[in-house]
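Here's a quick walk through one protein chain, written for someone who likes to poke at coordinates. Have the viewer open as you read.

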Amino acid sequence: MHEKVQCTQCHAKPVFTEVGKHCQDCHADIHQRKMGTDCAQCHSVQGWNIAVQKVRDHQNRFPLLGAHAAVQCEDCHRGAAVGQFQGLSTACVSCHMKEYQKTTSPPHASSQFATTCESCHSFDSWLGASFNGTAFDHSAPPISFKLTNGHANVPCASCHVGGNYNLHIVEADCGNSGCHLTTWQQTNNPVHSSAGAAFGVANCSGCHNTISWTTAIFDHSTTGFLLTNGHANVPCASCHVNNNYALTITPNDCGNSGCHLTRWQQTTTPVHSTSGPAFAPTNCATCHSTKGWDSASFDHSTTGFALTGTHASPSPTPCASCHVSNNYTLNSADCMGCHQAAWNTTPSFGGSVPDHIKASFPSTAAACAQCHTITKWADGKFDHTAFGFPLTNSHALVANGGKVASCTSCHIGNNYSLNIAATDCGNGGCHLTTWQTTNNPAHPKAGTPFAAANCSTCHNTITWNTAIFNHDATGWALTGSHQMAPVGKIVACTDCHVGNNYTFTASNTDCYGCHMVAWQSTARLGGNVPNHITAGFPSSQCATCHDTLLWANGRFDHSATGWPLQGAHVTTPCASCHLGTNAFALTSANTDCYGCHQAAWQSTVTLGGAVPNHVAALYPTTCLTCHITWVTTGWLGATFNHTWFRIPHNGSVCSDCHLVSTDYATFSCINCHTRANAHNKGTTDGQHRGNTNYTYTATSCYDCHKN
């Protein structure tokens with residue numbers, strides 16, 4: 001802008017240094033220093049009237065939005081003509097007080113509206129105030145009355161009558177608000193003003209809402225009386241007679257409610273009024289429901305007597321069949337109360353039906369139920385097992401596949417008070433005679449196992465004669481020949497239990513008790529059978545050699561003594577080793593060959609050949625040092641392990657080197673090597689010339705020639 005100004009307009013004199021550099025040096029301050037001396041805060045060289053910074057500052061404090069954007073500065077800043085732009089108040093009323101005072105719909109001043117205009121008005125238009133939009137929130141404090149549905153479009157004056165904007169009514173207090181009071185007073189279905197607290201003028205919202213005043217909906221369940229099924233569509237006045245909405249009846253008190261009392265009084269099946277507490281007018285709900293008054297259903301199980309089987313009511317048994325003379329105060333589950341006549345007929349039935357009276361059968365419900373079911377009284381069946389005596393196999397009645405003709409076969413004289421265990425056959429009075437006549441064995445004399453109370457040990461209910469005794473239970477299992485023929489060799493129990501003696505206490509290894517004769521015969525049997533008597537064999541250890549399969553095939557496990565029989569020992573008769581009076585008391589180890597083979601050891605003196613003289617050589621009697629092949633080849637064929645000199649040596653025998661038969665610790669090499677074609681001294685000396693350690697002696701060769 002300064003570029004187009006004539007120089008003389010600023011430089012009045014030709015002296016250019018006398019011109020100032022500040023705006024006010026050339027431009028008069030029309031603001032009278034109210035805006036400061038820094039003109040550049042608002043003005044620029046682009047144009048004196050362009051105040052950029054001033055507008056920016058205005059936006060920070062009071063943004064010029066909406067209608068304010070088109071207002072001239074002097075419209076608000078009255079001193080603008082003289083350059084006075086002091087900061088003004090940002091409150092709307094500071095400029096718009098006249099408009100506030102002139103309002104009529106509603107009159108703000110007389111209605112004491114707050115001067116916070118922005119609560120309703122916006123910058124866009126003064127007339128565009130909103131009371132239920134984004135500007136004014138009718139639901140916010142302090143008003144707290146949300147305008148919904150039907151309330152939303154109602155003119156303010158319709159509620160704020162006479163310009164009263166100081167209302168303090170809660171949303172639910174429709175009647176007291178002055179809006180709906182007349183409507184509330186005119187109600188007739190029901191008449192709210194006399195229908196009790198639930199219809200109070202302050203409780204309109206309990207049924208009404210802002211959608212529609214006439215579509216009231218009352219939640220009856222809030223009263224504690226839910227309207228279900230048949231109650232749901234009944235007009236209110238049908239129950240609330242004479243506009244009585246103060247009822248406090250419980251849902252199950254149908255009789256006392258005044259609705260069903262007459263029906264209750266007219267009942268006949270049964271007559272409720274005389275049938276006891278269960279049918280009292282306060283207990284209708286026990287049988288009746290809201291689905292249908294006539295379709296009553298009584299849960300008889302709640303009385304402690306469930307109706308099942310033939311007891312089911314009304315079919316096949318009507319209530320009156322049991323509740324005679326309308327007596328519904330029964331409190332017993334005793335069968336006799338109804339079935340005594342049937343119980344009294346049992347003496348004449350016979351057959352499988354015992355005489356209950358003579359048998360003194362108990363008549364309690366629990367006792368009757370043990371045999372009779374509620375499905376069919378005549379089809380009574382007694383569970384004998386429940387008394388600890390199950391009727392199995394032959395004990396069952398003939399009708400049930402057994403052999404007992406009737407109950408009286410056992411319950412003689414109509415005695416049903418028996419307390420016999422299922423195993424006490426002898427004392428039961430049924431099998432005592434049979435037990436007394438036994439002879440194989442005679443049970444009364446055969447001891448405790450055959451006592452009258454122990455019949456079941458051998459006998460069962462399938463058949464009395466096929467007794468089976470578990471001999472294992474005695475600790476003596478019958479195996480091999482001890483079993484009964486034809487599996488074993490025993491013909492009868494008396495083969496062992498001589499003289500009916502069944503009180504044996506001997507262990508199953510004490511064979512001597514029965515086999516003493518066989519044991520004594522060993523003295524003359526001979527052969528491989530040792531004389532058990534002279535040998536001092538213990539008579540309590542027969543099972544060591546003998547088994548129950550075959551007595552004569554006794555076998556002794558010699559290895560159990562620590563001396564297993566091997567090689568030639570296997571076929572050697574016992575007497576060959578076990579000699580003398582205490583022949584079988586040998587305690588020698590199985591390496592002590594000398595004890596039996598002393599004669600063979602001594603015979604080495606005369607054997608000669610490859611057999612050294614053991615006596616002269618003072619050989620120890622540890623025979624197994626050389627005779628290691630005795631198991632396979634016998635006593636001969638002994639081999640000696642030469643530790644330092646390998647043998648055999650060119651076919652030589654022991655005596656070729658060991659010249660002194662009594663001293664095998666000495667030997668001579670030259671005994672062989674001086675023979676023709678061998679290493680004689682002359683040849684040997686020539687071969688060892690230059691060897692200073694060489695000497696020609698009997699044993700010097702071994703010093704170098706170990707092999």
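What follows goes from model confidence to backbone quirks, then cysteines, the cavity and a few individual residues.

## How far to trust it

First things first: this is a predicted model. The protein chain has a mean pLDDT of 80, with 92% of its residues at 70 or more.

Confidence isn't spread evenly, though. Helix H3, covering residues 52-61, sits at the bottom with a mean of 64, while H14 comes out on top at 88.

## Backbone oddities

If you're checking torsions, start with the peptide bond running from alanine 485 to proline 486: it is cis, with omega near 10°. Proline 486 belongs to the loop that joins helix H14 (432-436) to helix H15 (512-520).

Then there are two asparagines to look at. Asparagine 149 isn't a glycine, yet it has a positive phi of about 50°. You'll find asparagine 149 in the loop between helix H5 (93-102) and helix H6 (156-159), and with a relative accessible area of 46% it is partly exposed. Asparagine 326 also has a positive phi despite not being a glycine, this time about 60°. That residue, asparagine 326, sits in the loop from helix H10 (319-322) to helix H11 (336-344). Its relative accessible area is 21%, so asparagine 326 counts as partly exposed, since buried means under 20%.

## Cysteines without bonds

How many disulfides does a search of the whole structure find? Zero. Take cysteine 322: the nearest cysteine sulfur belongs to cysteine 338 and is 4.2 Å away, so there is no disulfide here, given that the sulfurs would have to be within 2.5 Å. Cysteine 335 is in no disulfide either; for that residue the nearest cysteine sulfur is the one on cysteine 368, at 4.3 Å.

As for solvent, cysteine 322 is partly exposed, at a relative accessible area of 33%.

## The cavity

Rolling a probe the size of a water molecule over the atoms shows where empty space is left. Here, the count of cavities of 30 Å³ or more comes to one. About 50 Å³ of space lies in the largest cavity.

Who lines it? The wall of the largest cavity is made up of Trp264, His272, Ala278, Phe279, Ala280, Asn283, Cys284, Cys287 and His288.

## Two histidines

Histidine 459 shares its address with the cis proline: the loop between H14 and H15 holds histidine 459 and proline 486. At 15% relative accessibility, histidine 459 is buried. A polar atom of the histidine 459 side chain lies 2.7 Å from the backbone oxygen of tryptophan 464. Setting aside residues within four places in sequence, histidine 459 is in contact with His443, Trp464 and Ala467, so Trp464 shows up both in that contact list and as the owner of the backbone oxygen, with contact here meaning heavy atoms within 4.5 Å.

Histidine 68 is in the loop between H3 and helix H4 (73-76). Beyond its neighbours within four places in sequence, histidine 68 is in contact with Phe62, His96 and Phe123. For a sense of scale, the C-alpha atoms of histidine 68 and glutamine 598 are separated by 150 Å, with their positions 530 residues apart along the chain.

## Threonine 604 and glycine 554

Is threonine 604 buried or exposed? With 5% relative accessibility, threonine 604 is buried. Threonine 604 is part of helix H19, residues 604-607. A polar atom of the threonine 604 side chain lies 2.7 Å from the backbone oxygen of tryptophan 601. Not counting residues up to four places away in sequence, threonine 604 touches Val611, Pro612, Asn613, His614 and Val615.

Glycine 554, by contrast, is partly exposed, at 36% relative accessibility. The loop between helix H16 (522-525) and helix H17 (574-577) is where glycine 554 lies. With residues up to four places away in sequence left out, glycine 554 touches Cys545 and His546. The C-alpha atoms of glycine 554 and cysteine 542, 12 residues apart along the chain, are separated by 9.0 Å.

Methods. Residues numbered from 1 in each chain as written. Heavy atoms only, no water. Helix = DSSP H or I, 4+ residues; strand = E, 2+ residues; numbered from the N terminus. Buried < 20%, exposed > 50% of the residue type's maximum accessible area, 1.4 Å probe, protein only. Polar contact = N/O pair within 3.5 Å; in protein donor to acceptor, adjacent residues only side chain to side chain. pLDDT = per-residue confidence, 0-100. 1 Å grid on protein atoms, 1.4 Å probe; cavity = no way out; pocket = protein on both sides within 12 Å on 5 of 7 lines; lining within 4 Å. Points joined across faces, edges and corners; volume = space filled by probe spheres on them.
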